[in-house]
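Me: I would like to learn how to read the features of a protein model one at a time, with the general idea before the particular case. Could you take me through one in that way?

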Amino acid sequence: MGVFTTMSSSFKYYDHSSMKDENIRLNDEQFVTLKEIYVERLVDNMSTKDLVQYVTDDMTKWVDSLNYNDAMVEFKEYWDEYFTDTIAEVVEITS
């Protein structure tokens with residue numbers, strides 16, 4: 001299976017409509033549009049459970065990539081006035 005690249009090469013695939021191999025070459029704008037449509041349709045076809053799992057996994061990876069201070073800044077900004085209560089809850093749960 002080939003990889004799409006813009007203008008530098010073409011992509012060869014079997015076209016089921018014409019029943020033969022075809023080559024396609026998209027310009028940058030067309031390639032960006034194709035990617036946008038792909039993501040939109042992929043997301044549209046995901047179940048709510050799958051979407052929640054995907055976002056949870058993605059956000060977990062992002063939070064795990066933060067160093068201690070950057071993470072604490074994010075947590076403080078998110079919980080704002082409830083930050084101290086949340087820290088107390090964490091300490092209680094893990095004691």
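Reply: What follows is a walk through this model, from its overall layout to single residues.

Reply: Please keep in mind throughout that this is a predicted model.

Me: Let us begin with the layout, then: how many helices and strands does the chain have, and in what order do the elements run from the N terminus?

Reply: The chain has four helices and two strands, and, read from the N terminus on, the order of these elements is β-β-α-α-α-α.

Me: What radius of gyration does the chain have, and what would a compact globule of 95 residues have?

Reply: The chain has a radius of gyration of 23 Å, whereas a compact globule of 95 residues would come out near 12 Å. The box filled by the C-alpha atoms, taken along the principal axes, is roughly 65 × 30 × 20 Å. Burial can be read next to these values, and here 7% of the 95 residues count as buried. For a single distance, consider V43 and S9, which are 34 residues apart along the chain and whose C-alpha atoms are separated by 28 Å.

Me: How should I read the two strands, and how many bridges join strand β1 to strand β2?

Reply: The general idea is that, in a regular strand, side chains alternate between the two faces of the sheet. In this structure, β1 (residues 11-15) and β2 (residues 20-24) run antiparallel and are joined by five bridges. Two of the pairings can be followed by name: K12 has N23 as its bridge partner in β2, and Y14 stands opposite D21 in β2.

Me: Which residue forms a salt bridge with K12, and how far apart are the closest N and O atoms?

Reply: As a general matter, side chains of opposite charge can pair when their charged atoms come close. Here the partner of K12 is D21, and the closest N and O atoms of this salt bridge are 4.0 Å apart. The count of salt bridges comes to one. As for accessibility, K12 counts as exposed because its relative accessible area is 54%, while D21, with 48%, is partly exposed.

Me: What does the sign of phi tell me, and where does M19 lie?

Reply: Most residues other than glycine have a negative phi, so a positive value is worth locating. M19 lies in the loop between β1 and β2, in a hairpin with four residues between the strands, and the phi of M19 is near 60°, a positive value in a residue other than glycine. With a relative accessible area of 58%, M19 is exposed.

Me: What is the phi of D80, and where is the place of D80?

Reply: The phi of D80 is near 50°, again a positive value in a residue other than glycine. D80 has its place in the loop between α3 (68-79) and α4 (83-94), and, at 45% relative accessibility, D80 counts as partly exposed.

Me: Turning to the rings, how many aromatic pairs does the structure hold?

Reply: The structure holds three aromatic pairs. F11 and Y13 form one that is stacked, with 6.2 Å centre to centre and 15° between the planes; planes under 30 degrees apart count as stacked, which is why this pair has that label. The two partners can also be read by accessibility: F11 is buried, at 13% relative accessible area, whereas Y13 is partly exposed, at 31%. Elsewhere, ring pairs link F75, Y78 and W79 into a cluster.

Me: Which residues make the nonpolar surface patch, and which helix gives the most to it?

Reply: The patch is made by Y38, V39, L42, V43 and L51, and covers about 440 Å². Helix α1 (residues 28-44) gives the most to the patch, with four residues, and both Y38 and V43 have their place in this helix.

Me: Within that patch, is Y38 buried or exposed, and how does V43 count?

Reply: Y38 is exposed because its relative accessible area is 54%, which lies over the 50% cut-off for that class. V43, with a relative accessible area of 36%, is partly exposed, a value that falls between the 20% and 50% cut-offs.

Technical notes:
Residues are numbered from 1 along each chain as its sequence is written. This is a predicted model: local features need pLDDT of at least 70, side-chain atom pairs count only at pLDDT 80 or more; totals for chains, interfaces and linings use all residues. Side-chain values use heavy atoms; hydrogens and water are left out. Two strands pair if DSSP finds at least two bridges between them. Patches are made of residues with over 30% relative accessible area and no salt bridge: like charges are joined within 9 Å, nonpolar side chains (Val, Leu, Ile, Met, Phe, Trp, Tyr) within 5 Å. Accessible areas come from the Shrake-Rupley method with a 1.4 Å probe; for residues, only the protein chains shown count as cover. A salt bridge is a side-chain nitrogen of Lys or Arg within 4 Å of a carboxyl oxygen of Asp or Glu. Buried means under 20% relative accessible area, exposed over 50%, partly exposed in between (1.4 Å probe, protein chains only). Rings of Phe, Tyr and Trp (its six-membered ring) pair if their centres lie within 6.5 Å; planes under 30 degrees apart count as stacked, over 60 as edge-to-face and the rest as tilted. The radius of gyration is taken over C-alpha atoms; the globule rule is 2.2 Å times the number of residues to the power 0.38.
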